[in-house]
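Work through these exercises with the model open. Try each task before you read its solution.

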Amino acid sequence: MEMLLNLIHSGLSVVLPFVILLGILIFVHELGHFLVARWCGVRVEVFSLGFGKKILKYKKGDTTYALSIIPLGGYVKMFGEQPGMEISEEDKKVAFTHKTVWQRIAVVLAGPLMNFFFAIFVLMIVALIGEDAKAPMLGDIKPQTAAYEAGFRSGDKVISINDQKIGTWEEIQNVLSLKKDQDLHLDVVVQHEGSTAESKISVIAKAEPNPNILSAYDYMASVEGLTALSAGTTVGVIQNTPLHALGLRTGDSIVGINGGKVSHWRDLETALGKASTQEPLTLEIMGQREGDKEDKSLTVTLAPLESMKSFTMAALGLESSELYLSKVMDNSPAKAAGLKEGDRLVAINNTTLNKWDDVIANIKSFDGKNPVDIKVLREGQSVDLKITPKMTTQMTAAGSEEKRYTIGIAPVVNLSTPETLIVRTNNPLEAVVRGTEKTWDFTVMTVMSFVRLFEAKISPKNIGGVLSIGQAASETYKIGITPFLQMMAIISVNLFILNLLPIPVLDGGHLVFYTIEVIKGAPLSLRKMEIAQQVGMALLMSLMIFALFNDFTRIFSL
């Protein structure tokens, strides 16, 4: 019985958010068509959420309001909308096809526009509720980089750039976005970590191709070494050390040292240096053990070590986790060669590895002939293996496909969670402005995704269908109301753009017909419209099948 209840609860947690999200967006879209049709004097016969058999219906006046069994769309059936339909003189005044072309355009355009304005409304609500945003904090600034030499330091908080106040990391990116290939002079005011004093840094940011291919800006002003990323406190634990004996394991994250909190790798040595070897060392750990589904907190206390002059990461047998393997893929060259989860990569072809980028670079440079020699540490013992990488297609962060040699391994990731802050406004007018700006940004991003898709800069494998929408709805619903509303706004914008595509059977296709009618002064022939509708239906069905195929491929490959 308990298993059945858990299954029902699990099903509802997936289905309910999907039904709420899609139901609202469909209602909004069809409401646009309905209201403008009524305003233009068109008789609306059916207003339905869903397709197929009607499971609930209610008639008021000339309109039947219905809830239909297939919840993947909706429709507004208008009297006289089928071309060639015989209509009496008396009924012509309420028939859709006998309205002026501009009225028909208004009715068709109303649905997509309602999705656009609804996105503004939703994001206005988000602005009033408050949303998480990445704080304008710099990550790890490495020495001997342009950023370090200019004066930036790890953990700096950006206060302003060129006299423009900065509140979030998004605002930094907006300042650095460029339309032209030209360098940008920056006067940056920062607060160094642990200080309230402000420092001014002047630096030249060089124009680089924008890594975000969905942006409308082709270039991004870049300073070498300037990043928002910081290494976290996830550790690799060397075998046969005191901390390993006390239960500390590779993949654990140190979140506290002697009662003080630590968040970044750069904090660990400093915090350890303050601890006395004459007293116990207490580490607060977050990690998983066998059978755990989530990280749990545990405390490890090391007895005084008078033989040790000072606590250091190396002396305690701790190192970065990024060269330890968290996963060895099934049916991969690594699995066939005998690599195991927990192995620590040491060298490839006698080249010592220092970071994960070294692993990728060495595997990518495989000559396609001779097997690669890999040295690993396993339970304190050195193991030598030979692996033959295979050519695979990898999806990049930008959404494009890249062919390169891989062996099927993944590291124990060591990145800290970015610091966030809540951004909200109590001013309704500011909320409307914020909602409009965000909606426009999402619109540009959606349009650019289509452009990049046709330019073959984004893989068609990124196209998702109803399963992707359901998955996104479920995941954001679990996180909270704000992410769920943001996802609703994004999908609403997608519906706005998709419905305007010039494909017959979609609103955009009808708008093309009416535009031709405006230019010609007469509508297209019934035969031409029928052929166009058939072609459009075939295209739409093909797209839906392809998207569904991508959904299943994505789900079953997880």
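## The whole protein

Buried residues account for 39% of the 558 residues in the protein. The model is predicted.

**Exercise 1.** State how many helices and strands the protein has, and give the span of its C-alpha trace along the principal axes.

*Solution.* Start with the elements. There are 13 helices and 24 strands. Next, take the span. Along the principal axes, the C-alpha trace covers about 105 × 55 × 55 Å. Now turn to contacts in the protein between residues at least 6 apart in sequence. Of these, 63% join residues at least 24 apart.

## Helix pairs

**Exercise 2.** Decide how helix H2 and helix H12 are oriented to each other.

*Solution.* Step one: locate them. H2 covers residues 101–129, and H12 covers residues 507–520. Step two: read the geometry. Their axes come within 10 Å and cross at roughly 160°. Step three: apply the cut-off. Angles over 145 degrees count as roughly antiparallel. H2 and H12 are therefore roughly antiparallel to each other. Their crossing is left-handed.

Step four: find the residues in contact. H2 contributes Val101, Trp102, Arg104, Ile105, Val108, Leu109 and Pro112. H12 contributes Asp507, His510, Leu511, Tyr514, Glu517 and Val518. Sorted by class, the contact of H2 with H12 has nine nonpolar, one polar and three charged residues.

**Exercise 3.** Do the same for H2 and helix H9.

*Solution.* H9 runs over residues 428–454. The axes of H2 and H9 are 7 Å apart, and the packing angle is about 125°. Check the classes: roughly perpendicular covers 65 to 115 degrees, and roughly antiparallel needs over 145. H2 and H9 are therefore oblique to each other. The crossing of H2 and H9 is right-handed.

Now list the contact. Residues of H2 here include Phe116, Ile120 and Leu123. On H9, Ala431, Arg434 and Phe442 are among them. By class, the contact of H2 with H9 has 11 nonpolar, four polar and two charged residues.

**Exercise 4.** Classify the pair H9 and helix H11, then sort the residues of their contact by class.

*Solution.* H11 spans residues 481–499. The axes of H9 and H11 come within 9 Å and cross at roughly 55°. That makes H9 oblique to H11. H9 passes H11 in a right-handed crossing.

The H9 side of the contact is Thr439, Phe442, Thr443, Thr446, Val447 and Phe450. The H11 side is Ile490, Val493, Asn494, Phe496, Ile497 and Leu498. Sort them: eight are nonpolar, four are polar and none is charged.

## One helix, one loop

**Exercise 5.** Test whether the length of helix H10 agrees with its number of residues.

*Solution.* H10 has 14 residues, 466–479. At 1.5 Å a residue, H10 should span 20 Å. Its end C-alpha atoms are 20 Å apart, so the two agree. Then look inside and beyond. Buried residues of H10 are Ser468, Gly470, Ala472, Ala473, Ser474 and Thr476. Gly480 follows H10, and its phi is positive, near 160°.

**Exercise 6.** Is Pro418 buried, partly exposed or exposed?

*Solution.* Place Pro418 in the loop between strand E23 (409–411) and strand E24 (420–423). Its relative accessible area is 41%. Buried means under 20%, and exposed means over 50%. Pro418 is therefore partly exposed. To finish, compare Pro418 with Lys335. They are 83 residues apart in sequence and 34 Å apart in space, C-alpha to C-alpha.

How values were computed: Residues are numbered from 1 along each chain as its sequence is written. This is a predicted model: local features need pLDDT of at least 70, side-chain atom pairs count only at pLDDT 80 or more; totals for chains, interfaces and linings use all residues. Side-chain values use heavy atoms; hydrogens and water are left out. Axes are lines fitted to C-alpha atoms, for helices over the stretch in contact, and angles run from 0 to 180 degrees between N-to-C directions. Helices (H or I, at least four residues) and strands (E, at least two) are DSSP runs, numbered from the N terminus. Angles under 35 degrees count as roughly parallel, over 145 as roughly antiparallel, 65 to 115 as roughly perpendicular and the rest as oblique. A crossing is left-handed if the near helix is turned anticlockwise from the far one by less than a right angle, and right-handed if clockwise. Contact means heavy atoms within 4.5 Å. Ala, Val, Leu, Ile, Met, Phe, Trp, Tyr, Cys and Pro count as nonpolar, Asp, Glu, Lys and Arg as charged, and the others, Gly among them, as polar. The expected span of a helix is 1.5 Å times one less than its number of residues. Buried means under 20% relative accessible area, exposed over 50%, partly exposed in between (1.4 Å probe, protein chains only).
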